[in-house]
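Me: Could you take a close look at one part of this model for me? I'd like to start with the surface and then go into a helix.

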Amino acid sequence: APSSSSLPPPSPLIIGLSAPQGCGKTTVVTQLQRVLAATGVAAASLSIDDVYLTGAEQAALAAANPGNALLQYRGNAGSHDVRLGVQTLQALKRLNG
């Protein structure tokens, strides 16, 4: 059997958590990170709140869509920088490789 040092590092485990606003997602993730750290497992978290459009991008989106009330404020679908989110997830996935 190959030695553990010759095996490629495992791919990171990515867990997605979706639930209503204010129900405790951040609390659960914080506690999970603490448990993992206590067992020597490195962990990182990413929130959808981390990938909002910039203020200028949000203002431009709102101005370009004056009839769409959902695009007037951040937090609604369409007010996130999807490219940044995907790039961040891809970078995290490559951490061990």
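Reply: Let's start outside: L13, I15 and L32 make a nonpolar surface patch of about 340 Å². A patch here takes residues with over 30% relative accessible area and no salt bridge, and nonpolar side chains (Val, Leu, Ile, Met, Phe, Trp, Tyr) are joined within 5 Å. A salt bridge would be a side-chain nitrogen of Lys or Arg within 4 Å of a carboxyl oxygen of Asp or Glu. Areas come from the Shrake-Rupley method with a 1.4 Å probe, and for residues only the protein chains shown count as cover.

I15 sits in the segment before α1 (25-38) and counts as exposed, at 61% relative accessibility. Exposed means over 50%, buried under 20%, and partly exposed in between.

A word on the source: this is a predicted model, where local features need pLDDT of at least 70, side-chain atom pairs count only at pLDDT 80 or more, and totals for chains, interfaces and linings use all residues. Residues are numbered from 1 along each chain as its sequence is written, and side-chain values use heavy atoms, with hydrogens and water left out.

Now for α2 (residues 55-64), which holds Q58. Helices are DSSP runs (H or I, at least four residues), numbered from the N terminus. Q58 is buried, at a relative accessible area of 10%. Leaving aside residues up to four places away in sequence, Q58 touches L53, L71, Q72, Y73, R74 and S79, with contact meaning heavy atoms within 4.5 Å.

Q58 has company: L61 and A62 of α2 are buried too. These residues lie on the same side of α2 because they cover an arc of only 95 degrees around the axis. On the other side of α2, A56, A63 and A64 are exposed.

Terms used. Helix = DSSP H or I, 4+ residues; strand = E, 2+ residues; numbered from the N terminus. Buried < 20%, exposed > 50% of the residue type's maximum accessible area, 1.4 Å probe, protein only. Arc of directions from axis to C-beta. Patch = residues over 30% accessible without salt bridge, like charges linked within 9 Å, V, L, I, M, F, W, Y side chains within 5 Å.
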